[in-house]
Amino acid sequence: MNKKILCAALSLGACLSPVGAYAQMTVVKDGRPVAEISCSEDNEINRTAAGLLQDFVKRMTGATLDITGPAGGGDIIIGGTTGRAGEDGFEIVCKDGKLTVRSGGGKGAIYGVVTLLEDYLGVRYYAKDICEFDSCGSIVLPVIDEAQTPAFRYRQTFSYGNEDPIYKMWFRLEDPEDIFADGMWVHTFNRILPAEVYGEEHPEYYSFINGKRQPGDHSQWCLTNPEVFELAVQKIDSIFKANPGMNMISVSQNDGNNTNCSCPACKAVDEYEGSPSGNFIRFMNKLAERFPDKEISTLAYLFTMHPPKHVKPLDNVNIMLCDIDCKREVPLTDNASGRDFVKALEGWAAISNNIFVWDYGINFDNMVSPFPNFHILQKNIQLFHKNHANMLFEQVNGTKGTDFSELRAYMLAKLMWNPYLDADSLMRSFMDGYYGAASTHLYQYLKIMQGALLASGKDLWIYDSPISHKDGMLNANLLKTYDELFDRAEQAVQGDDELLRRVRISRLPLQYSELEIARTDPHGDKTEVIALLEEFRQRAAEYGVQSLNERNNPIADYCELYLKRFLPGEVRSKAIGAKVTMIKQPAERYMPIAGKALTDGLFGGSSYVESWVGWEGRDAEFVIDLGRETEFTTISTDFLHQLGGWVLLPASVSYSVSSDGEHYTDFGSYAFPEDRDLQIKFVEGKVQSDRPVSARYVKVFVKTIGNCPSWHYGVGYPAWFFLDEVIVN
C-alpha cells in the first residue's frame, strides 16, 4: 500500500470537542486500543466489515482492536438491520460512547465501514493498491447519525482496480459472478443451447436468416419454437440447482446484430410488437413464470434496443439496455444517436422498473488514446437513474494505461452511488490527491481538450481513431500545448518517483496519438518519430501497460510493427500516386477516398475509419495505372483482420498485368486461410514472379467470402473486407 503521512499526531476526528453537541467516542488513545468491535451476527459480511475497520485503524495508529462475536458487547457494533436504508445501504450512529453500523441489506455493513473510514477518519483510496491516510496516535469520533442508500442496487466498472479486493469494497463495486448464477450474465444463448451440440440435428432451433436456418455460435434462437423453450427451461433449472443461493441468470441473445430469427412465426410477432424485442420479452416472461422466485435478465442490445409495443416484462424480468451505438462527445440527450437511445430508455421505463443499463465509455480499437468524456458522465448517469435503471455497468478502463483510467473509474464509482454529487469537485479532489503538484497542469489539459472536442464538431465513439481528430482536438497547435502541460506536470513532481510514474502513465495516450498522427504524414521527421516511439515503448514496458485495444494487441508488437509498417517515408512502391479506376466499387461511404487511398503510400491502423477502403459482401476489382511501362517482380495488397467489426479476410486476391490496358496476362493469386483469432492484424496478399515482368496496368481482383461464417457474430450476413494499399515492386 502507498502510505502518505499527512499528520504525525492526530486523526481528523481527534480534533473535535468532547463536550455538548460534539460528544465523542474514543477508539484509540495514545497508540492503545480503547474500543472493541463486536459483530451482532456472525456472518461473512459482518466479519469482513469488522476486519476492514480493524485493518485501517491498525495502519493509522498501530493499535489492534479486538473483534468479538455476537455476545461480545463491544463499543463498536457492526451488523443488524435498519429501516432507514435499502439494499447495500447502511446506517451509522455514534452517540453515548457507542458506534453502530447497521445494514439495509446486501453488503451495507461493509459500505458503512468504508464511509466511516473515508468521511470521518480521512482515509483516501484512489486506485489499485493506492491509498493515503493520516498516521496518528489517537482516534476520537464525533457524533454521527447518517444513513445512505445507493442510487443503483448493482454497480460495476471495467477497471483494473477490481483486482484489488479492498478497492472493490471501497468503491462499492460488484462483479457478475456475485449475482449471476454460473457467471451467466450476457450473450448466453449459445452457452445454454450450444449450436455445436444441437445445430446439426435441430437447425430449426436457430435463426432463419436470409432464406435458411443458420445455426452458429452467434445465431439466435427461434423463440416461437416450443421445443426451444422447454429445453431452455431444463438447462436453466439445472444451472440454478448447481448454484444454490444464486437467484439471477441472464438468458440473452448472442453477440451480433440483426441475427434474430425471421421465420414466419417469429416475423409475425416482430411485426405485431414493432420490434424484435417483443419475441424476446414474450419468451422471458414465460421463463419468469416458470421461475417465479428467480430473476431473468435479458439484453436490449442492437436490434432489440427498442421496447415492444404491447407485451410488458414481468417484474422479475430484468432489461439490460445497452447504448453501444451512441456517440460520446455530448450527453446522450444531445446528439442523434443518443436521442435514439433515450427514446428506447424512456420506452422501457414506461413498462419496467427493473432496468440494467450497460453504458460504454471506452475506445475498443484504441484504448490507449485520449477519450475526453468526463463532462458527460454525470448527466448520463442521472438520466439512467431518472428512468428506472436500478443496475449499472460502466464499461471503461479495462486495462492500465487507458485515458486517465484511475480518475474515470473513481468518478464513476462515486456517481453510481450518488449521481448528484459535484462531479467537478470529485475530479479536483482525486487529481490533487493522486497527482499532487502536477494536478493543476493535468486538469488544465483535460479542460482544454474537452473544449477542443466540442468546438471541433467531431464525434467521439467507441471505435475511434486519434487520426479522426488530427484537425480537431488533436491538431498540431493543440498537441504542442498538451505536451507543454505534461512537461510542466512532470517537472512539478520530478522529485517524487511515484507521482512521476502516475503522470507518465497518463501521458501515454497522448504519445500514442502523436505516433498515430505522425504515420499519416509521409514527410514527417523520421528521427523525431523514432525517438517518440522508443520513449513510448520504454515507458509502457516500465509501467506495465501492455495492451492497445480490446483484442489485447501488445504495445511491444505495435512498436515493432511501427518501424516496419508505419514509419514516415518507409513505403517503397512503384504504385505510389498511381491512378486507380474502379470496376467493382467499394461501399458508397468509401468511394470518396478510394481513388487515392490504395496508392498513397500510407497504411491504415487498427480502426477502419481511416486509410482503409471497404467492400461489404461483394468482390472488389480495380485497375492501377502506373503511368508508364514499369518492371517489377512482386504485387501485394494489404488487408485488415478485425473480427469484432465484421471485418474478415477475403477468400483470395488475384493479379493480372497489361501493357495496353486491354489485354491482361495472369500474374498470380493468393488464397487466404480462415482466421478466427480475435487480435487485430494486417495481412498481406503477396504474389512474386520468378523473373521481372514489364507492364503499365495492374488489375486487382478480390474474391469475397460472401456471408460471415457460422462461428462469427454476423452469421448469415455479408462480411466486410478492407484494404489500404497496393504495393508494386
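**View 1. How helix H7 starts, in a predicted model.** Look just at the start of H7: a side-chain oxygen of asparagine 225 comes to within 2.9 Å of the backbone nitrogen of glutamate 227. From there, follow helix H7 through residues 226-242. Its 17 residues, at 1.5 Å a residue, should span 24 Å, and the end C-alpha atoms sit 25 Å apart, so the two figures agree.

**View 2. The buried residues of H7 and what covers them.** Here we pick out Val228, Phe229, Leu231, Ala232, Val233, Ile236, Ile239 and Phe240, the buried residues of H7. Their cover includes three helices, H5 (189-192), H6 (195-198) and H9 (277-290), along with strand E15 (248-250).

**View 3. The open sheet of six strands.** Read across the sheet and the order goes E4-E3-E5-E7-E6-E11, with mixed pairing. Strand E4 (67-68) and strand E11 (144-148) are at the edges with a single partner strand each, which means that one side of each has no neighbour in the sheet. Strands of a sheet pair through backbone hydrogen bonds, and they can do that in a parallel or an antiparallel way. For E11, zoom in on strand E6 (residues 90-95): E6 and E11 pair antiparallel over five bridges. Glutamate 91 stands opposite alanine 147 in E11.

**View 4. The hairpin of E8 and E9.** Strand E8 (residues 124-127) and strand E9 (residues 130-132) run antiparallel, joined by three bridges. Spot tyrosine 125, and opposite it you'll find cysteine 131 in E9. Two residues lie between the strands, and aspartate 129 in the turn has a positive phi of about 60°.

Technical notes: Residues are numbered from 1 along each chain as its sequence is written. This is a predicted model: local features need pLDDT of at least 70, side-chain atom pairs count only at pLDDT 80 or more; totals for chains, interfaces and linings use all residues. Side-chain values use heavy atoms; hydrogens and water are left out. Helices (H or I, at least four residues) and strands (E, at least two) are DSSP runs, numbered from the N terminus. The expected span of a helix is 1.5 Å times one less than its number of residues. Buried means under 20% relative accessible area, exposed over 50%, partly exposed in between (1.4 Å probe, protein chains only). Contact means heavy atoms within 4.5 Å. A polar contact is a pair of N or O atoms within 3.5 Å; within protein, one must be able to donate a hydrogen and the other to accept it, and residues adjacent in sequence count only if both atoms are side-chain atoms. Two strands pair if DSSP finds at least two bridges between them.
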